[in-house]
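Work through these short exercises with the model open. Try each task before you read its solution.

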2 protein chains.
Amino acid sequence: MNDIFKALNDATRREILELLKTKDMSAGEIADQFNMSKPSISHHLDILKRADLITAEKSGQFIFYSINTTIMEDVLQWILTFKK
Amino acid sequence: MNDIFKALNDATRREILELLKTKDMSAGEIADQFNMSKPSISHHLDILKRADLITAEKSGQFIFYSINTTIMEDVLQWILTFKK
DNA sequence: TATATATTTAGACAAATATCTAAATGTTTT
DNA sequence: AAAACATTTAGATATTTGTCTAAATATATA
């Protein structure tokens with residue numbers, strides 16, 4: 001839970017998730033959407049991956065990232081405990 | 001949204017929310033539940049308040065804190081956009 | 001009015017975080 | 001095999017964050 005909230009606590013990472021919501025993308029494609037160096041994006045991807053919010057699959061020289069919506073269920077359940 | 005995720009990105013603050021889920025509590029009562037100085041808890045309460053996740057009401061020398069569940073709705077909606 | 005109680009504010013400090021550039025790794029193409 | 005491309009790793013640095021102690025503010029009580 002800690003890792004998930006940590007991962008979600010950054011606007012860039014949340015935007016990456018929004019991007020991956022529409023389609024799978026390579027690290028480079030993702031980086032192209034931001035005004036930020038590739039190593040920085042790579043680092044954000046790593047944090048999202050560690051939180052299991054995304055998965056990575058290598059395809060030749062590319063690495064394609066996909067969103068893992070099942071993890072969102074955990075956050076959802078946590079939030080729901082607060083609904084009166 | 002940024003403030004909300006920022007506020008939720010700390011185990012102590014999430015525990016404070018869990019406490020307030022059961023009943024309203026004064027700052028001191030809340031602080032008693034943690035092995036942490038009162039100023040530190042006060043700071044956490046301030047962050048939760050700024051995110052509108054809790055509200056404060058003064059009663060004599062006490063300040064009572066309550067959870068504001070309506071804000072959780074925003075997070076809920078954001079999360080739901082990821083449910084496939 | 002003086003003292004005790006509840007809470008916050010101020011200031012300091014160590015640890016965590018986000019970012020960068022440079023270098024390394026691995027894959028494809030010529 | 002060399003060059004080009006895709007991505008990550010390493011190392012540096014500035015900023016943010018969580019915590020503390022000491023002091024300030026505000027209320028209640030003796």
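**Exercise 1: the surface near strand C**

Sort the residues of the surface near DNA strand C into nonpolar, polar and charged.

Solution. The classes come out as seven nonpolar, 12 polar and four charged residues. Bear in mind that this is a predicted model. Next, locate the residues. In total, 23 surround DNA strand C. Closest are A:G60, B:S26, B:G28, B:P39 and B:S42. Now turn to the elements. Helix 4 of chain A supplies at least two residues of this surface, and so do helix 3 (27–32), helix 4 and strand 3 (62–67) of chain B. Helix 4 of chain B gives the most, with six residues.

**Exercise 2: the surface near strand D**

Find which residues come nearest to DNA strand D, and which element gives the most to the surface there.

Solution. Start with the residues. Of the 23 around DNA strand D, the nearest are A:S26, A:G28, A:P39, A:S42 and B:G60. Two or more residues each come from helix 3 (27–32), helix 4 (38–50) and strand 3 (62–67) of chain A, and from helix 4 (38–50) of chain B. Helix 4 of chain A gives the most, namely five residues. By class, the surface near DNA strand D holds seven nonpolar, 12 polar and four charged residues.

**Exercise 3: the core**

Identify the residues with the most contacts inside the largest nonpolar core, then follow B:L20 outward.

Solution. The largest nonpolar core has 42 residues. Those with the most contacts inside it are A:L20, A:I54, B:L20 and B:I54. Now take B:L20. Set aside its neighbours within four places in sequence. Its contacts are then B:M25, B:I54, B:Y65, B:S66 and B:I67.

Notes: Residues numbered from 1 in each chain as written. Chains lettered and ligands numbered in written order. Predicted model: local features only at pLDDT ≥ 70, side-chain atom pairs only at ≥ 80, totals over all residues. Near = placed C-beta within 6 Å. Helix = DSSP H or I, 4+ residues; strand = E, 2+ residues; numbered from the N terminus. Nonpolar A, V, L, I, M, F, W, Y, C, P; charged D, E, K, R; others polar. Core = buried A, V, L, I, M, F, W, Y, C linked by C-beta atoms within 7 Å. Buried ≥ 20, exposed ≤ 12 C-beta atoms within 10 Å, placed from the backbone. Contact = placed C-beta atoms within 7 Å.
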